[in-house]
Amino acid sequence: MYTIQGKGVSKGVANGPIYFYRRGGGEVVKTAVSDTAAEKQRFEDARATAMEQLAGLYEKAVAEVGEEGAALFEAHQMMLEDLDYIDGINDMIEGESVNAEYAVSQVAEQFAAMLAAMDDAYMQARAADVKDISNRVIGILQGVVAGGIDSDVPVILASDDLAPSETVQLDKSKILGFVTSGGSGNSHTAILARTMGIPAIIGVGEALSEGLEGKTAIIDGETGEVAIDPDDATSERLLKKQAKERALKELLDQLKGQENVTIDGRKVMVYCNIGSPDDVDPVLANDGGGIGLFRSEFLYLQNDDYPSEEQQFQAYKTVAERMGGKRVIIRTLDIGADKQADYFQLEKEENPAMGLRAIRICLTRPEVFKTQLRALYRASAYGKIAIMFPMITSVWEVQEIKRICQAVKAELREEEIPFNENVELGIMIETPAAVMMSDRLAQEVDFFSVGTNDLTQYTLAVDRQGNNLDKFFDSHHPAVLRMLKMAADNAHKAGIWIGICGELGADVTLTETFLAIGIDELSVSPSAVLPLRSAIRSTDTTVNSQKILDELLGC
Ligand code: PEP
Ligand code: MG
């Protein structure tokens, strides 16, 4: 037995075999083959499997988005039947005695270069498609697994790091815990692990080698300990901790049905952060009072193409209905920075966190924005939906957003499609500019929700994705807390409410501070609801509030 150490970012003890994530698009290595006939057959088999996959995707897309939206998959099938393409690959395997993966990658490069050099813009755009179909075939040849896990038993998933788009596509029923060699505690992958209530450890470094595949491990998502082939004493210690955590959870379960109210009678709204309609189950199981942040971009990350209005409508409607009239705040897409979907074809940026992301994409691609808003307003007829906009810095952005909302509402009225005329509109306060303008912004909207993850990043000038920056990413920094106070005061002056939906909201060491500042709502991962309720119920805001404001904030 031996122990490797990382940083715990999602609490809990998990016990099981280590399994390395199988990623697509790995490097293609050129190898010599002696049996070229067998190699050509390998290619033919992979091509046939790719054709089957594309036919399946086409059927699924027709059902979900109609024939027009599904046409891409049909075009991909036609490309895979192109005789020049097929002959080019077979000739290279035969003539150069090379492996199929290499031949496919080389021929794909040649075809893509040829298409990109054409004058016709339509043909130029097909270069990406040739690469796409070729990557699919190469992935099949390399034995890449859709969803990244091919195991009959649940596993502790190990990886260098996981992108949010990879994490959302995982089969969660197969995952006991996460361990990554890199990563940051503030990344969306860590956030997703907390939302799913799965123990997670990041930053283990090179000690997490593929030689650990299949070994039994126990991980502690609080301390960051990864015990490999644990001996009896270690197993006993960690499994005891697991049992204790379960007992504590049972104790907290007794708070279900109770109010989020302080000793002196102040009520706080405790809502949940979710990333998909499936996450409503843990929200209900943990007695969440509403949804304070539905990260709608995860719907986009799960898709190979823009989710249609209908697809989005169904997702939002499901959440609204299942929450049975409780408030459901859906944030419009916050794509960009670490959350990348290829089909958006965003240009590579030097500083993506400060680039074309979130509301900036929506305001530059109004057709994408309008599709989402139509779906949101349509779903508003089925529950208490509120809409929230991310990454706001200026008053003009909010005024422009409101104009687009009015246009969408007028369209729906015209089409006699039912929707709620009074959907609440809110903004995320996650840039220092939004804090400084919060007096003016508060006059434009119905609520504020502070995104402390980004607000900390932009206030302290610390990249939240940075592997070695967690020490500097201090959400308790007085600069961040003073920003919260300023935004809260301005919200209340304008008569609107303010919440926190960043990860800091679940930090019970700050619950008393948040109450002193005047925060009205806290939106946290479902598993954090009951610990937070317990912290609120044991706080008396008449005792320390003034002292906290005097000392910590100097105001
Ligand atoms: C935040 O920035 O705090 C937030 C809630 O949004 P996200 O983490 O999705 O950027
Ligand atoms: Mg944010």
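Let me start with the place where helix α10 passes helix α12, which it does in a right-handed crossing, and where the two axes come within 8 Å and cross at roughly 35 degrees. The model we are looking at is a predicted one, so please take each value that follows as computed from that prediction. On the α10 side, the contact is made by Glu309, Glu310, Gln312, Phe313, Tyr316, Lys317 and Ala320, and on the α12 side by Thr371, Gln372, Arg374, Ala375, Leu376, Arg378 and Ala379. If we sort the residues of this contact by character, they divide into 6 nonpolar, 3 polar and 5 charged.

Two of the charged residues deserve a separate word, since the side chains of Arg374 and Glu309 meet in a salt bridge, with 2.8 Å from N to O. Because Arg374 lies in helix α12, residues 366-379, and Glu309 in helix α10, residues 309-322, this pair ties together parts that are 65 residues apart in sequence. Both Arg374 and Glu309 are buried.

As background, side chains of opposite charge can pair when their charged atoms come close. A search of the whole structure finds 35 salt bridges, and I would like to show you two further pairs, each of them within a single helix. In helix α1, which covers residues 36-80, Arg47 and Glu44 are 3 residues apart, and therefore separated by about one helical turn; their side chains meet in a salt bridge at 3.0 Å, N to O. Arg47 counts as buried, at 13% relative accessibility, whereas Glu44, at 28%, counts as partly exposed.

The other pair sits in helix α13, residues 395-414, where Glu400 and Arg403 are again 3 residues apart, so that about one helical turn separates them. Glu400 forms a salt bridge with Arg403, and the closest N and O atoms are 3.0 Å apart. Here Glu400 is partly exposed, with a relative accessible area of 28%, while Arg403 is exposed, with 53%.

Beyond pairs, there is also a network of salt bridges, which links Glu297, Arg331, Asp334, Lys339, Arg357, Asp454 and Arg464.

Let me turn from charged residues to a serine. Ser523 is found in strand β16, residues 521-524, and because its relative accessible area is 0%, Ser523 is buried. What does the side chain of Ser523 reach? It reaches the backbone nitrogen of Gly292, at 3.4 Å. Leaving aside its neighbours within four places in sequence, Ser523 is in contact with Tyr271, Cys272, Asn273, Gly292, Leu293, Ile500, Cys501 and Gly502.

I will finish with the backbone, and with two residues in loops. Most residues other than glycine have a negative phi. Asp229, although not a glycine, has a positive phi of about 45 degrees; its place is in the loop between strand β8, 225-228, and helix α7, 232-253. Asp229 is partly exposed, with a relative accessible area of 37%. Ala461 is not a glycine either, and has a positive phi of about 55 degrees. This residue lies in the loop between α16, 452-460, and α17, 478-493. Is Ala461 buried or exposed? At 71% relative accessibility, Ala461 counts as exposed.

Methods:
Residues numbered from 1 in each chain as written. Chains lettered and ligands numbered in written order. Predicted model: local features only at pLDDT ≥ 70, side-chain atom pairs only at ≥ 80, totals over all residues. Heavy atoms only, no water. Salt bridge = Lys/Arg side-chain N within 4 Å of Asp/Glu carboxyl O. Helix = DSSP H or I, 4+ residues; strand = E, 2+ residues; numbered from the N terminus. Buried < 20%, exposed > 50% of the residue type's maximum accessible area, 1.4 Å probe, protein only. Polar contact = N/O pair within 3.5 Å; in protein donor to acceptor, adjacent residues only side chain to side chain. Contact = heavy atoms within 4.5 Å. Axes fitted to C-alpha atoms, helices over the stretch in contact; angles between N-to-C directions. Left-handed = near helix turned anticlockwise from the far one by under 90°. Nonpolar A, V, L, I, M, F, W, Y, C, P; charged D, E, K, R; others polar.
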